[in-house]
Amino acid sequence: MFDKILIANRGEIALRVIRAAREMGIASVAVHSTADADAMHVRMADESVCIGPPQGTSSYLSIPAIISACEITGAQAIHPGYGFLSENANFVQIVEDHDLTFIGPTAQHIRTMGDKITAKDTMKELGVPCVPGSDGGVPDLETAKKVGEEIGYPVIIKATAGGGGKGMKVAQTADDMEMAFRTARAEGKSNFGNDEVYIEKYLTTPRHIEIQVFGDGKGKAVHLGERDCSLQRRHQKVFEEAPGPSISAEERAKIGKVCADAVAKIDYIGAGTIEFLYENGEFYFIEMNTRLQVEHPVTEAIFGVDLVREQIRVAEGLPMSFGQDDLVINGHAIEVRINAEKLPNFAPCPGKITQYHAPGGLGVRMDSALYDGYSIPPYYDSLIGKLIVHGRDRNEAIARLSRALGELIVDGVDTTVPLFDALLAEPDVQTGNYNIHWLERWLDDNM
Ligand code: ADP
């Protein structure tokens with residue numbers, strides 16, 4: 001059993017992990033950059049270690065600094081949160097080489113799923129339905145044009161190493177192919193150091209539906225239903241809910257079993273998310289994320305489970321504390337991502353918080369590292385909080401979200417709260433009638 005774990009992250013997700021550890025009687029070590037010396041995760045952890053200057057590459061991404069912090073404090077395991085080193089197979093290997101435990105999947109799982117081409121091939125073999133597209137990588141423009149003709153336009157060119165919505169370009173017609181192909185390759189190269197790309201049919205009206213899976217690393221795995229994350233801006237999620245308003249119990253059981261069986265077969269350990277596009281009643285795999293996701297609380301809300309606690313348990317070699325039959329959906333949950341950004345352009349808006357008041361009451365959870373007088377540094381992600389509400393049904397969750405947003409006070413910086421106030425007034429949002437393109441169109445028309 002672990003006595004002490006280190007959290008290789010910052011912000012709300014670091015707090016999330018510290019809280020789970022404390023409830024389990026495990027001490028926590030925070031790491032921080034010089035810019036984060038006063039951050040909430042540092043204050044809340046049992047111990048903290050400064051690991052470098054503000055830039056993420058010299059601190060939260062510095063593998064030697066993080067391993068040293070473990071050695072100095074005697075932490076036995078590392079929770080990576082999301083982002084930073086959470087899906088870095090090389091890091092996992094180094095952690096294991098130092099006789100420490102990585103709280104997450106194996107380096108091999110991360111490597112397989114981190115390359116989207118290998119991930120798709122693996123999923124296909126495991127019986128998971130995929131988006132039609134090129135057979136693996138597309139080496140040159142000539143081949144790309146051939147593939148475009150074969151699968152039919154529009155198509156999307158994707159960097160195999162891509163993530164966070166980067167390295168993806170749509171070609172509406174053959175005329176767009178050259179530009180899209182070159183741009184996707186260039187973005188893959190500059191953001192991820194890998195210019196390999198592949199091509200998929202570009203679906204025009206899908207929803208983004210992702211299945212939460214969890215494995216014990218010994219051939220047992222379950223699914224925890226789906227999250228609908230269709231409301232996106234620039235391929236990035238802003239509003240997530242569970243269960244998906246368009247998914248029936250039969251569809252959930254069927255695709256959920258396909259996913260749980262697939263990860264069981266590869267002895268997957270810990271939390272994972274299998275992402276699909278869903279159109280006309282069909283699921284099409286796009287990628288798997290081998291980490292805890294930002295939007296995991298909506299799943300926790302409807303199933304009444306603690307996914308971080310579960311991650312720590314299986315990393316300790318304990319069995320999962322639930323089986324498939326124990327997982328029963330209760331009500332509906334919605335999460336909105338509150339970013340320090342100025343509308344309408346969503347420009348990052350770091351600065352000092354002059355007043356912060358979190359909403360509360362029945363069915364409300366606010367995961368945030370803000371406090372009065374805190375200064376949001378300009379070096380990191382603009383996510384400053386996640387507001388999660390849970391109700392007996394979707395209508396109650398919507399009403400609760402509206403009420404909770406009204407209670408939230410974040411003064412001193414601009415935030416995305418006004419976006420959610422406006423969205424909740426939209427009949428399509430109230431009824432769940434949207435696909436992955438809905439928000440972009442709405443923003444064009446309204447902001
Ligand atoms: P990332 O790893 O950058 O998050 P994903 O492959 O998960 O990239 O895709 C992110 C989003 O991009 C999806 O949720 C969807 O909105 C859009 N997208 C990806 N593939 C397709 C496709 N074949 N057709 C239409 N939209 C797509």
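The legends below describe close-up views of a predicted model.

**View 1. The shell around the ligand.** In this model, 19 residues surround the ligand. The closest of them are Glu200, Leu203, His208, His235 and Ile436. Two or more residues of the shell come from each of these elements: β6 (155–163), β8 (197–201), β12 (269–279) and β13 (282–289). The largest contribution is that of β6, with three residues. By class, the shell around the ligand holds eight nonpolar, seven polar and four charged residues.

**View 2. The packing of helices α1 and α11.** Helix α1 spans residues 11–23 and helix α11 spans residues 307–315. The angle between the two is about 65 degrees, and their axes are 9 Å apart. The crossing of α1 and α11 is right-handed. On the α1 side, the contact is made by Arg16, Val17, Ala20 and Ala21. On the α11 side, the residues are Val308, Arg309 and Ile312. Sorted by class, the contact of α1 with α11 has five nonpolar and two charged residues, and no polar ones.

**View 3. An open sheet of five strands.** The strand order is β3-β2-β1-β4-β5, and the pairing is parallel. At the edges are β3 (47–52) and β5 (101–102), each of which pairs on one side only. Strands of a sheet pair through backbone hydrogen bonds.

**View 4. The pairing of β4 with β5.** Strand β4 covers residues 77–79. Two bridges join β4 to β5, in the parallel sense. Isoleucine 78 has phenylalanine 102, in β5, as its bridge partner. Strand β5 (101–102) is an edge strand of the sheet in View 3.

**View 5. The span listed as "domain: Biotin carboxylation".** UniProt lists residues 1–444 under this name, in an unreviewed entry. Over residues 1–444 the chain is 34% helix and 29% strand. The end C-alpha atoms of this span are 52 Å apart.

**View 6. The span listed as "domain: ATP-grasp".** The unreviewed UniProt entry gives residues 120–316 for this feature. In the model, residues 120–316 are 34% helix and 35% strand. The C-alpha atoms at the two ends of the span lie 30 Å apart.

Terms used: Residues are numbered from 1 along each chain as its sequence is written. This is a predicted model: local features need pLDDT of at least 70, side-chain atom pairs count only at pLDDT 80 or more; totals for chains, interfaces and linings use all residues. A residue is near a molecule or strand if its C-beta atom, placed from the backbone, lies within 6 Å of it. Helices (H or I, at least four residues) and strands (E, at least two) are DSSP runs, numbered from the N terminus. Ala, Val, Leu, Ile, Met, Phe, Trp, Tyr, Cys and Pro count as nonpolar, Asp, Glu, Lys and Arg as charged, and the others, Gly among them, as polar. Axes are lines fitted to C-alpha atoms, for helices over the stretch in contact, and angles run from 0 to 180 degrees between N-to-C directions. A crossing is left-handed if the near helix is turned anticlockwise from the far one by less than a right angle, and right-handed if clockwise. Two residues are in contact if their C-beta atoms, placed from the backbone, lie within 7 Å. Two strands pair if DSSP finds at least two bridges between them. UniProt positions are given in the numbering used here, feature names are shortened, and annotations may be inferred rather than shown by experiment.
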